[in-house]
Amino acid sequence: MNILAFETSCDETSVAVVRDGRELLANEVLSQNDLHALYGGVVPEIAARSHLEAIARLTDKALAAAGCGIDAVAATAAPGLIGALLVGLNFAKGYALAKGLPLIPVHHMRGHVAAAYIAEPDLKPPLLAAVVSGGNTLFMEVLDYTTYRMVGGTRDDAAGEAFDKGARLLGLGYPGGAALSRLAAEGDDTRYKFPVAEMEGAPYDTSFSGVKTVLRNLVHHAKQLYGDDWADGFDLPSLAASYQKAILDALVDKLCAAANALGYDAVVLAGGVAANRVLCARLRERLGNRIHIPPVYLCGDNAAMIAAQAYYESLDGVFAPMSQNAYATFDVEKALC
């Protein structure tokens, strides 16, 4: 089955074609980083308008690259920025209606896990998955391709959000996660102390608001004392490294604890933060060949992962009517229609 998929949940416009959930035929991605850099973060209205401008052009490119017939259409229906989601979902509806094809709605978090199926054709559930991105930090049992059970997740900020906001506090610009990681590579991650939150009765839950608040207070205090020269009072690479370490400690320790306690031999790390080399290295050191991480081009938001998951949703009979809505939030354990 050749599935044409659309991903517009945030600030990447993407159109892809994937065969039988595993074979990538085309994957077009257009980033909006330059548009949002001026504002230091994603502006929902700008994101939606950019999707509108790009989606038809990317569709033509993806179909030309794939060079095959299309059997079904899929789109991210949740979660995400509602205006952005509606662009991709409604375009998918129009294409499906015009061509007489079935429409498959896909949960964005399930899509991130499915990126690993493209990267490793032999990988299959059951497995434990961590989706770590700018908007989400979730630990989930993937019992089969469409049956998910939550194990843990963030109580407040997502890990990627903590990286981006930390980078903004340090004046590193947008998008900040990669910039902070590059700066941290030059520092000593034991120089400064940051808290790692623990939740009683919830051993696999995370919280990143506290570590972010500590960094904000350090920077704010330095600015009060030294004004524009506030950074002179810090070893900035070590400050970035120590901040990154606190975030990664929580992710690595809790994911490994869950994998061991629940007895999983296969653990998937997915989402934009999976591009962090230190995180990947630490998980490979702790979990060995149990850890599976998609290549960087499949870690960020992309339509290939949506097409991959859509194939398995279709096998489970998940097809949407033309009245299918988009949702800013939606339980990953539940079917979208």
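Is R19 buried, partly exposed or exposed? Select R19 to begin the tour. Its relative accessibility is 29%, so R19 counts as partly exposed. Keep in mind that this model is predicted.

**Stop 1: R19 and its partner**

Add E23 to the selection. The side chains of R19 and E23 meet in a salt bridge, at 3.7 Å from N to O. E23 has a relative accessibility of 38%, so E23 too counts as partly exposed. A search of the whole structure turns up 13 salt bridges. Two others come later on this tour.

**Stop 2: I55 and its surroundings**

Now select residues 44-66. This is helix α2, and I55 lies in it. Colour I55 and look around it. I55 counts as buried because its relative accessibility is 2%; the cut-off for buried is under 20%. Which residues does I55 touch, leaving aside those up to four places away in sequence? Show F6, T8, T13, V15, V87, G88 and F91: these are the contacts. Pick T13 from that group. I55 and T13 are 42 residues apart in sequence, yet their C-alpha atoms are 6.7 Å apart in space.

**Stop 3: the open sheet**

Switch to a cartoon view. Look for 5 strands that form an open sheet. Their order is β8-β7-β6-β9-β10, and the pairing is mixed. Select 147-153 for β8 and 291-292 for β10. These are the edge strands, and each pairs on one side only.

Move inward to β6, residues 127-132, and β9, residues 267-270. How many bridges join β6 and β9? There are 4, and the two strands pair in the parallel sense. For one place to zoom in, choose A129, which stands opposite V268 in β9. As a general point, strands of a sheet pair through backbone hydrogen bonds, either parallel or antiparallel.

Next, select helix α4, residues 108-119. Helix α4 lies across β6, β7 (137-144), β8 and β9. Its direction is at about 120° to β6.

**Stop 4: two helices side by side**

Show α5 (residues 159-169) together with α7 (residues 209-226). Their axes come within 10 Å and cross at roughly 0°. That crossing makes α5 roughly parallel to α7, because angles under 35 degrees count as such. Which residues make the contact? From α5, display K165, G166 and L169; from α7, display K212, L215, R216 and V219. Colour them by type: the contact divides into 3 nonpolar, 1 polar and 3 charged residues.

Keep K212 on screen and add D157. These two form a salt bridge, and the closest N and O atoms are 2.6 Å apart. The pair links distant parts of the chain: D157 sits in the loop between β8 and α5, while K212 belongs to helix α7, 55 residues away. Are D157 and K212 buried or exposed? Both are buried.

**Stop 5: a salt-bridge network**

Finish with R282 and D249. Their closest N and O atoms are 2.8 Å apart, in another salt bridge. R282 lies in helix α9 (residues 277-287) and D249 in helix α8 (residues 236-262), so the pair ties together parts 33 residues apart in sequence. R282 counts as partly exposed, at 23% relative accessibility. D249 counts as buried, at 13%. Now add K245. Salt bridges that share partners join K245, D249 and R282 into one network.

Definitions and conventions
Residues are numbered from 1 along each chain as its sequence is written. This is a predicted model: local features need pLDDT of at least 70, side-chain atom pairs count only at pLDDT 80 or more; totals for chains, interfaces and linings use all residues. Side-chain values use heavy atoms; hydrogens and water are left out. Two strands pair if DSSP finds at least two bridges between them. Contact means heavy atoms within 4.5 Å. Axes are lines fitted to C-alpha atoms, for helices over the stretch in contact, and angles run from 0 to 180 degrees between N-to-C directions. Buried means under 20% relative accessible area, exposed over 50%, partly exposed in between (1.4 Å probe, protein chains only). Angles under 35 degrees count as roughly parallel, over 145 as roughly antiparallel, 65 to 115 as roughly perpendicular and the rest as oblique. Ala, Val, Leu, Ile, Met, Phe, Trp, Tyr, Cys and Pro count as nonpolar, Asp, Glu, Lys and Arg as charged, and the others, Gly among them, as polar. A salt bridge is a side-chain nitrogen of Lys or Arg within 4 Å of a carboxyl oxygen of Asp or Glu.
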